[in-house]
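Subject: A structure for you to look at

Hi there,

Here is the structure I promised to send over. Please open it next to this email and have a look around before you read on.

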Amino acid sequence: MSNKELDQLRDRIDEINVELLNLINERARLVQEIGRVKETQGVNRYDPVRERNMLNKIIENNEGPFEASTLTHLFKEIFKAGLELQEDDHRKALLVSRKKHPENTIVDIKGTKFGNGSQQLIFGPCAVESYEQVATVAEAVKAKGLTLLRGGAYKPRTSPYDFQGLGLEGLKILKRVADEYGLGVISEIVNPADIETAVEYIDVIQIGARNMQNFELLKAAGAAKKPVLLKRGLAATIEEFINAAEYIAAQGNEQIILCERGIRTYERATRNTLDISAVPILKQETHLPVLVDVTHSTGRRDLLLPTAKAALAIGADGVMAEVHPDPAVALSDSAQQMDLKQFDEFMEQLQASRLLHV
Ligand SMILES: [Mn+2]
């Protein structure tokens, strides 16, 4: 075969490639059109009977040299690409997605901003136990120039016999202390019926890991029009986490802060496994600020500082940790809360690391 003949054959291949390309795209446009019709009729897009009939017809018309199995494989890929195209067309961009809203959402808690590029720190005891206990921590928080205080009044505990929190009394203590020290307050709410009362006392509604898919609670928090700190469920995928946030946003409330707090894996060296890569993924996929809770993700006091540094380095909008005046006698999470001296050291070393963007 002369080079000229080879060139001619290659030219013909190039022409066929373009013809195939145009045919495949023409097919794709028809598939999209069918998708729209099916959408209006409320019919399922994937139709295996129709797909089987199409494959049969292709095989019947096959004159070779390809074998039936090869053609089945090739056409299945084309069918699949068409179906995916229909799904992309119909998948509603979530309200919390970057696709829908490219700019960062900034959550403002009494002047402290999350999502504007600065990094914030939230501390406080695991549970509100007394006025004195909360005030002692608040004083230390205030002394460091920080503006936010966390504390649990309603404690969803693994065992029903563990301390369940002071309830409304705890919220009142938090409010009193916050007012005295000029701090914003974050506290977990576990019952949709409590939200109406709770918003009088707190600045941020926290939804805890165990309630991440408590959809009625998510809806009630969304309807409350207060900032919501949503923790990732202990066995939730990132997609489930994002969809949980969507429940809040769907009620018209996009003042949401996401919080990675560790997930359950087979690893026993830490209480949970901090999924640090979730931070940049959530930042890419959503427009919401993302925090890292270093206390519950590790369950270990010696890991609070290194994981906090990792969180700041990877671009989290802030870090959350628990501080108690006397962790040894704390009614919950006694093993991982910092005492005041450890809190001082933690802050000094975090600032010395120069990782914190303020
Ligand atoms: Mn705790």
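Below is what I found in it, going from the whole chain down to single residues.

Please keep in mind that this is a predicted model.

**The whole chain**

The protein chain contains 12 helices and 10 strands. Its C-alpha trace spans about 90 × 50 × 35 Å along the principal axes. How does its radius of gyration compare with that of a compact globule of 358 residues? The chain has 28 Å, whereas such a globule would have a radius near 21 Å. Of the 358 residues, 37% count as buried. If you look at contacts with a separation of 6 or more, 66% of them join residues that are 24 or more positions apart.

**Helix 2**

Try helix 2 next, which runs over residues 48–60. From its first C-alpha to its last, this 13-residue helix reaches 18 Å, close to the 18 Å expected at 1.5 Å a residue. How many of its 13 residues are buried? The count is zero, so helix 2 is hardly covered if we go by the rule that a buried residue has 20 or more other C-beta atoms within 10 Å of its own.

Further along, the loop between helix 2 and helix 3 (68–90) holds Pro65. Look at the peptide bond from Gly64 to Pro65: this bond is cis, with omega near 10 degrees.

**The core**

Now for the inside. The largest nonpolar core has 80 residues, and those with the most contacts inside it are Leu174, Leu230, Ala245, Leu258 and Val319. Which helix gives this core its largest share? That is helix 8 (residues 238–249), with seven residues.

Leu258 is a good place to zoom in. Setting aside residues up to four places away in sequence, Leu258 touches Leu230, Phe241, Ala245, Leu282, Thr286, Leu288, Val290 and Leu291.

One of those partners, Leu288, sits in the loop between helix 9 (278–285) and strand 9 (290–293). Is Leu288 buried or exposed? Leu288 counts as buried, because it has 29 C-beta neighbours inside 10 Å. With residues up to four places away left out, its contacts are Val96, Thr105, Ala245, Ile256, Ile257 and Leu258. For a sense of distance, the C-alpha atoms of Leu288 and Ala310 are 19 Å apart in space, and the two residues are 22 apart in sequence.

**Helix 7 against helix 8**

Helix 8 also packs against helix 7 (residues 215–223), at an angle of about 45 degrees and with the two axes 7 Å apart. This angle is why helix 7 is called oblique to helix 8. On the helix 7 side the contact is made by Phe215, Leu218, Lys219, Ala221 and Gly222, and on the helix 8 side by Ala244, Tyr247, Ile248 and Ala249.

**Two lysines with positive phi**

Lys225 lies in the loop between helix 7 and strand 7 (228–231). Its phi is positive, about 55 degrees, although Lys225 is not a glycine. Lys225 is exposed, since 12 other C-beta atoms lie within 10 Å.

Lys110 also has a positive phi without being a glycine, and here the value is about 50 degrees. You will find Lys110 in the loop between strand 1 (107–109) and strand 2 (112–114). Lys110 has 14 C-beta neighbours inside 10 Å, so it counts as partly exposed.

**Two more loop residues**

Gly117 is in the loop between strand 2 and strand 3. It counts as exposed because it has 10 C-beta neighbours inside 10 Å. How far apart in space are Gly117 and Val358, which are 241 residues apart in sequence? Their C-alpha atoms are 8.2 Å apart.

Cys126 is in the loop between strand 3 (120–124) and helix 4 (131–143). With 24 C-beta neighbours inside 10 Å, Cys126 counts as buried. Not counting neighbours within four places in sequence, Cys126 is in contact with Gly152, Glu322, His324, Ala330, Ser332, Asp333 and Gln337. Ile78 is 48 residues from Cys126 along the chain, and 55 Å separate their C-alpha atoms.

Enjoy exploring it!

Best wishes

Definitions and conventions: Residues numbered from 1 in each chain as written. Predicted model: local features only at pLDDT ≥ 70, side-chain atom pairs only at ≥ 80, totals over all residues. Helix = DSSP H or I, 4+ residues; strand = E, 2+ residues; numbered from the N terminus. Expected span 1.5 Å × (residues − 1). Rg over C-alpha atoms; globule rule 2.2 N^0.38 Å. Contact = placed C-beta atoms within 7 Å. Core = buried A, V, L, I, M, F, W, Y, C linked by C-beta atoms within 7 Å. Axes fitted to C-alpha atoms, helices over the stretch in contact; angles between N-to-C directions. Parallel < 35°, antiparallel > 145°, perpendicular 65-115°, else oblique.
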